[in-house]
Amino acid sequence: MNEQIRISNVSKIYGGRASKTVALDNISLSIAPQSFTVITGRSGSGKTTLLNTIGGLEPPTLGEITVNGQNPYQLDDNRQSRFRREQIGYIFQSFELLPELTVYENICVPSYLSRRSLDKVYLKKITEQLGLTDILEKYPAELSGGQQQLTAAARALSTSPGIILADEPTGNLDRQSGEELFDLLCFSCRLFGQTLIFATHALEIARLADRIITLEDGRVLSDISGGAYDTP
Ligand SMILES: Nc1ncnc2c1ncn2[C@@H]1O[C@H](COP(=O)(O)OP(=O)(O)O)[C@@H](O)[C@H]1O
Ligand SMILES: [Mg+2]
């Protein structure tokens, strides 16, 4: 299989002996470039932990991750942050916007940090599609949860990175905004040949994926490819 991300026997164990949590339990997976994978499963099943380990944010306790042939956890700190900045667009469940910057400035942060020039035409397109045009000068504290989520999504897309990791990004949105965000993610992935990994409970979205991986207690309960999904 043509693979971009390889997860080999990865376990993530939190806590010590007294309160041990096995968040990921010996997971092995390969993810193909330019594919759209949905990660689903109950709350606490390990979705966020899996995205964090792929994104270079949580080193696995055991096992190995490679992204484009590189293990991000073997890089020094500078290269590790460059890896996150240049290869990964992360839409966090908790937004992680910078409160002292406006919406527009927040969206520009990744380009600024990687000293890349902004593609203003593209930025205009994504901010329009996400309905952010009228709030670009506002600060995060002045926004609804949904608007903060859309800002975080625009930021993740702003440099068109090769891999987009989205952690329940439609959870805070009404149905229409959720669909707009989802359409934009799909559009962006097809346009730029990006790989999209999307954690969600929303089964309408899962049906559009190339692959659905269901986690349970940190293990892969099922892994179905090809659109032959039987949603309950
Ligand atoms: N930083 C942490 N410290 C301790 N336990 C954690 C931490 N992060 C996640 N967990 C635990 O790991 C398990 C998986 O969590 P998570 O990956 O957030 O699941 P999901 O995103 O599917 O809800 C849960 O039992 C959670 O409580
Ligand atoms: Mg989660």
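The lining of the second largest pocket in this predicted model breaks down into five nonpolar, two polar and four charged residues. The space inside comes to about 210 Å³. Its lining runs through T170, L173, D174, R175, G178, E179, F182, A202, E204, I205 and L208. Two elements, α6 (175–192) and α7 (203–206), give two or more residues each to this lining, and α6 has the largest share, with four.

Next up is the largest pocket, with a volume of about 450 Å³. Here 17 residues make up the lining, and R84, R85, I88, F92 and P110 sit closest to the pocket centre. At least two lining residues apiece come from α2 (77–87), β5 (88–91), α3 (103–113) and α5 (145–157). By class, the lining splits into nine nonpolar, four polar and four charged residues.

Then there is ligand 1, whose shell consists of Y14, T21, A23, R42, S43, G44, S45, G46, K47, T48 and T49. Seven of the shell residues are polar, two are nonpolar and two are charged. Both β2 (21–31) and α1 (47–54) put at least two residues into the shell, with α1 supplying the largest share, three residues.

As for polar contacts, a backbone N or O atom of G44 lies 2.6 Å from an oxygen atom of ligand 1, while for S45 a backbone N or O atom is 3.2 Å from a ligand oxygen. T48 joins in through its side chain, placing a polar atom 2.8 Å from an oxygen atom of ligand 1. On its own, ligand 1 has 560 Å² of accessible area, and the protein covers 60% of that.

Note on methods. Residues are numbered from 1 along each chain as its sequence is written. Chains are lettered from A and ligands numbered from 1 in the order in which they are written. This is a predicted model: local features need pLDDT of at least 70, side-chain atom pairs count only at pLDDT 80 or more; totals for chains, interfaces and linings use all residues. Side-chain values use heavy atoms; hydrogens and water are left out. On a 1 Å grid over the protein atoms alone, a cavity is a set of points where a 1.4 Å probe fits but cannot get out, and a pocket is an open set with protein on both sides within 12 Å along at least five of seven lines; lining residues have an atom within 4 Å of a point. Grid points are joined across faces, edges and corners, and a volume is the space filled by probe spheres set on the points. Ala, Val, Leu, Ile, Met, Phe, Trp, Tyr, Cys and Pro count as nonpolar, Asp, Glu, Lys and Arg as charged, and the others, Gly among them, as polar. A residue is near a molecule or strand if one of its heavy atoms lies within 4 Å of it. A polar contact is a pair of N or O atoms within 3.5 Å; within protein, one must be able to donate a hydrogen and the other to accept it, and residues adjacent in sequence count only if both atoms are side-chain atoms. Accessible areas come from the Shrake-Rupley method with a 1.4 Å probe; for residues, only the protein chains shown count as cover.
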